[in-house]
Amino acid sequence: MADILEVLKETGALKEGHFLLSSGLHSGNYCQCAALFEHPDKAELAARAMAEKLAGLPKPDVVLAPALGGVLWGYELARALGVRSIFAERPDGISFALRRGFVLEKGQRVLLAEDVITTGKSVSELLPIIEDAQCEVVGFAAVANRSGGKFAPGHPVFSLVDLNFPTYQPADCPLCREGKGPAIKPGSRANA
């Protein structure tokens, strides 16, 4: 696959502007993988590249992703690995749960998929589902990891690209001081 950074730029997934992140922080950059997934051929190539990176892990039985951002990535990754794809939702708006008849069977190996990891909060909130089903986490797989190494869940973390975008507390945001307009909230998760 061509350099994933170039693919993200080509598809418009890498954005510049003034953004309000799920963490409440501001940034002048944002990675919107939904733009990558508008191009199934490129998403398929990205998933195949990730499958190659995962070759040293025990093969998962299922890929589990958090809705909304991880659903398409989880599906493409499961397809590349030849395994099932499921996702968890927040039916109460707070906690993740498996719905739509999705189940994990005791002892299954689970790969957690997220499009972009910043704090790792959403994908980490899937761990109780896996623990309750008495399954095994084999690792985490992301298109982009922008945690700067701060996301260290105790399981292997793989990404196609590591991004290092500066972030700012709202009171210290140079974009706000420069009058760059209100910060736009592009993601699907409400601020905590």
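The structure holds 4 aromatic pairs, where rings of Phe, Tyr and Trp (its six-membered ring) are taken to pair if their centres lie within 6.5 Å, with planes under 30 degrees apart counted as stacked, over 60 as edge-to-face and the rest as tilted. The model is a predicted one, in which local features need pLDDT of at least 70 and side-chain atom pairs count only at pLDDT 80 or more, whereas totals for chains, interfaces and linings use all residues. Residues are numbered from 1 along each chain as its sequence is written, and side-chain values use heavy atoms, with hydrogens and water left out.

One of the aromatic pairs is formed by Phe-87 and Phe-102, which meet edge-to-face at 5.1 Å centre to centre, with 75° between the planes. Because Phe-87 belongs to strand β4 and Phe-102 to the loop between β5 and β6, this pair ties together parts that are 15 residues apart in sequence; helices (H or I, at least four residues) and strands (E, at least two) are here DSSP runs, numbered from the N terminus. Phe-87 counts as buried at 18% relative accessibility, the term buried meaning under 20% relative accessible area, exposed over 50% and partly exposed in between (1.4 Å probe, protein chains only). In a further pair, the ring centres of Phe-140 and Phe-151 are 5.2 Å apart and the planes stand at 85°, so the arrangement is again edge-to-face. This pair links distant parts of the chain, with Phe-140 in strand β7 and Phe-151 in the loop between β7 and β8, 11 residues apart. Both rings belong to buried residues, Phe-140 having a relative accessible area of 0% and Phe-151 one of 9%. In addition, the charged end of Arg-90 sits over the ring of Phe-96, 4.0 Å from its centre, under the criterion that NZ of Lys or CZ of Arg is within 6 Å of the ring centre and within 35 degrees of the ring normal.

The strands β5-β4-β3-β6-β7-β8 make up, in that order, an open sheet of 6 strands with mixed pairing, two strands being paired if DSSP finds at least two bridges between them. The edge strands, β5 (97-98) and β8, each pair on one side only. Strands β7 and β8 run parallel and are joined by 5 bridges, and Ala-144 has Val-161 in β8 as its bridge partner. Helix α3 packs on the sheet, where it touches β7 and β8, and its direction makes about 135° with that of β8. Helix α4 also packs on the sheet, touching β3, β4 (84-89), β6, β7 and β8, and its direction makes about 135° with that of β6; axes are lines fitted to C-alpha atoms, for helices over the stretch in contact, and angles run from 0 to 180 degrees between N-to-C directions. The buried residues of α4 are Trp-73, Gly-74, Glu-76, Leu-77, Ala-78 and Leu-81, and the helix is followed by Gly-82, whose phi is positive, near 75°. Strands β1 and β2 (residues 26-31), for their part, pair in the antiparallel sense over 5 bridges and form a hairpin with 5 residues between them, in whose turn Gly-24 has a positive phi of about 95°.

Leu-111 lies in strand β6 (residues 109-117) and is buried, with a relative accessible area of 1%. Not counting residues up to four places away in sequence, Leu-111 touches residues including Leu-54, Pro-60, Leu-77, Leu-81 and Phe-140, contact meaning heavy atoms within 4.5 Å. Of the 34 residues in the largest nonpolar core, Leu-8, Cys-31, Leu-54, Trp-73, Leu-77, Leu-81 and Leu-111 touch the most other members; such a core is a set of buried Ala, Val, Leu, Ile, Met, Phe, Trp, Tyr and Cys residues joined through side-chain atoms within 4.5 Å. Helix α3 gives the most to this core, with 5 residues.

Some backbone features fall in loops. A cis peptide bond, with omega about 15°, joins Ala-67 and Leu-68, the latter placed in the loop between β3 and α4. Arg-100, in the loop between β5 and β6, has a phi near 60°, a positive value in a residue other than glycine, and counts as exposed at 60% relative accessibility. Gln-134, found in the loop between α6 (127-132) and β7, likewise has a positive phi, of about 55°, but counts as partly exposed at 47% relative accessibility.
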